[in-house]
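Here are a few exercises to work through with the model open in your viewer. Try each task yourself before you read the solution.

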Amino acid sequence: MKNKKFNLLLSVILTIFISGCSLADSENTGSSNQTSNSTLSSTQNLENNSQSNSENSVDKNTNTQNEIAVSNNENTISANSQDETKNNSKNVFVYFLNTGNSDSILIDDNGTFMLIDGGDNDDENLVVNFLKKHNVTKLKYLIATHNHADHLGGLDAVVKNIPVETTFVSNGSASSKTYRDFINALASKDLTPAVPLENNKFYLNNSYFEVFNTNGGNSTNNESLVLLYTNGNDKMLFTGDAEAETENEILNKLPQNIDLLKVGHHGSRTSTTSQFLNKLNPKYAVILCGKDNSYHHPHKETMDKLKAKGIEVHRSDECGDIVFESTGNGLKSDCEVIGDYAIGK
Ligand SMILES: [Zn+2]
Ligand SMILES: [Zn+2]
């Protein structure tokens with residue numbers, strides 16, 4: 001009898017020890033065990049019907065790439081999202097945070113939130129404090145447009161501080177510490193990132209977004225997820241750092257005459273082709289760029305195209321944080337437009 005009790009005690013201790021080890025392992029290795037976790041709740045629907053995306057991955061990135069499931073369950077996501085529709089107000093606030101030469105955009109549809117990118121590594125506190133100040137107690141969607149530090153940097157801190165329901169990432173991987181920090185932060189919260197499906201509407205409240213360029217690209221910038229956000233009649237396009245190649249690839253899928261374009265790649269000449277701009281014909285353009293940044297963003301070629309079309313340009317280096325209010329029937333901004341189409345120094 002005594003022996004039996006001792007054996008039981010021993011096996012309990014061993015079990016605790018072993019699970020402790022595997023937890024530590026998963027934190028250190030970018031959580032390669034993460035997809036087998038059966039306690040996932042927020043991404044369960046995606047996972048049940050997910051497929052491994054590893055066939056597209058480069059060998060050295062297999063560990064991290066394997067974690068990313070391709071969401072494959074349109075009905076479940078849409079149904080769940082629509083269940084959560086809370087009220088009929090149409091006014092939505094879009095905050096372009098002034099994180100310098102990096103992106104972070106918060107959309108607030110009447111208390112339902114999504115965050116597109118999280119600034120650079122040194123923007124962690126700025127982004128988290130901004131979210132807390134705006135009473136963001138939960139992010140329904142967290143989007144990492146692509147795996148560059150000026151978009152991913154602050155997202156690990158966001159994940160650690162704010163509950164997240166669903167995380168969408170681009171079809172690509174990275175070997176940087178910033179990327180590992182992000183993946184590890186997600187793992188520590190039992191979250192699995194997924195590449196979203198195209199031809200799907202992801203609802204916030206009454207507004208929704210669709211995603212393009214989910215098949216990746218020939219460079220990290222060209223892997224950027226491109227989001228078309230719709231609130232009533234208002235349409236805004238968020239491009240991450242997508243460049244000409246991606247713009248050309250998705251051009252035919254995009255609508256004509258949108259309201260607002262978040263200009264790709266901080267106003268770099270590598271983005272915003274004339275064809276892209278002519279098709280979208282946005283009323284407003286937003287450029288997220290740091291004052292006197294070393295890349296000299298925004299570039300002359302981009303500013304000339306925006307000027308030729310008379311597009312109203314709102315820039316974080318001139319305005320700081322930029323807020324747009326979408327009424328469902330037009331946009332208003334708090335940002336005073338200088339209107340001289342100055343190029344980056
Ligand atoms: Zn980039
Ligand atoms: Zn960037």
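**Warm-up: one pair of residues in the sheet**

Task: Find which residue of β14 lysine 262 stands opposite.

Solution. Lysine 262 faces valine 286 in β14. Step back to the strands themselves: β13 covers residues 260-262 and β14 covers residues 284-287, and the two pair in the parallel sense over 3 bridges. Keep valine 286 in mind, since Val286 turns up again in the core exercise.

**Exercise 1: how far to trust the coordinates**

Task: This is a predicted model, so check the confidence before anything else: what is the average pLDDT of the chain, and which stretches fall below 50?

Solution. Start with the average: the chain comes out at a pLDDT of 81, and 74% of its residues score at least 70. Next, look for the weak parts. Residues 1-67 have a pLDDT below 50, yet this stretch still makes 82 contacts in the model beyond near neighbours in sequence. Residues 69-86 are also below 50, with 43 such contacts. Where pLDDT is low, the predicted coordinates shouldn't be read in detail.

**Exercise 2: the overall make-up**

Task: Say how many helices and strands the chain has, and what share of its residues is buried.

Solution. Count the elements: 12 helices and 17 strands. Then burial: of the 345 residues in the chain, 47% are buried. Finally, take the contacts between residues at least 6 apart in sequence; 69% of these join residues at least 24 apart.

**Exercise 3: walking across a sheet**

Task: Work out the strand order of the open sheet of 7 strands, and name its edges.

Solution.
1. The order is β9-β10-β11-β12-β13-β14-β15, and the pairing is mixed.
2. The edges are β9 (202-203) and β15 (312-315), each of which pairs on one side only.
3. Go in from the β9 edge. A hairpin with 4 residues in its connection leads from β9 to β10, and these two strands pair in the antiparallel sense over 2 bridges. Phenylalanine 202 sits opposite phenylalanine 209 in β10.
4. One strand further, β10 (residues 208-212) and β11 (residues 226-231) are antiparallel too, with 5 bridges. Here phenylalanine 209 stands opposite tyrosine 229 in β11.
5. Compare that with β13 and β14, which run parallel, and you have both senses behind the word "mixed".

**Exercise 4: into the core**

Task: Find which residues of the largest nonpolar core touch the most other members, and which helix gives the most to this core.

Solution. The core has 73 residues, and the best-connected ones are Ile107, Met114, Leu115, Ile143, Leu227 and Val286. Helix α8 (residues 177-188) gives the most, with 6 residues. Now zoom in on leucine 227: setting aside neighbours within four places in sequence, it contacts Ile116, Ile143, Phe209, Val211 and Phe238. As for α8, its buried residues are Thr178, Tyr179, Asp181, Phe182, Ile183, Ala185, Leu186 and Ala187. The helix spans 16 Å from first C-alpha to last over 12 residues, close to the 16 Å expected. After α8 comes aspartate 190, with a positive phi near 60 degrees.

**Exercise 5: the two sides of α5**

Task: Sort out which residues of α5 are buried and which are exposed.

Solution. Glu124, Val127, Phe130 and Leu131 are the buried residues of α5 (residues 124-133). Looking down the axis, they fall within an arc of 145 degrees, so they line one face of the helix. On the other side, Asn125, Asn129, Lys132 and Lys133 are exposed. What do the buried residues pack against? Their partners are β4 (105-109) and α7 (155-161). Following the helix is asparagine 135, whose phi is positive, near 55 degrees.

**Exercise 6: backbone oddities in the loops**

Task: Locate the cis peptide bond, then decide whether asparagine 257 and histidine 265 are buried or exposed.

Solution.
- The cis bond runs from histidine 297 to proline 298, with omega near 0 degrees. Proline 298 lies in the loop between β14 and α11 (300-308).
- Asparagine 257, in the loop between α9 (244-250) and β13, has a positive phi near 60 degrees. It has 10 C-beta neighbours inside 10 Å, so it counts as exposed.
- Histidine 265, in the loop between β13 and α10 (274-280), has a positive phi near 55 degrees. Histidine 265 is buried because 28 other C-beta atoms lie within 10 Å.

Notes: Residues are numbered from 1 along each chain as its sequence is written. Chains are lettered from A and ligands numbered from 1 in the order in which they are written. This is a predicted model: local features need pLDDT of at least 70, side-chain atom pairs count only at pLDDT 80 or more; totals for chains, interfaces and linings use all residues. A residue is buried if 20 or more other C-beta atoms lie within 10 Å of its own, exposed if 12 or fewer, and partly exposed in between; C-beta atoms are placed from the backbone. Two residues are in contact if their C-beta atoms, placed from the backbone, lie within 7 Å. Two strands pair if DSSP finds at least two bridges between them. A nonpolar core is a set of buried Ala, Val, Leu, Ile, Met, Phe, Trp, Tyr and Cys residues joined through C-beta atoms within 7 Å. The arc is that of the directions from the helix axis to the C-beta atoms. The expected span of a helix is 1.5 Å times one less than its number of residues. pLDDT is the predictor's confidence in each residue, from 0 to 100.
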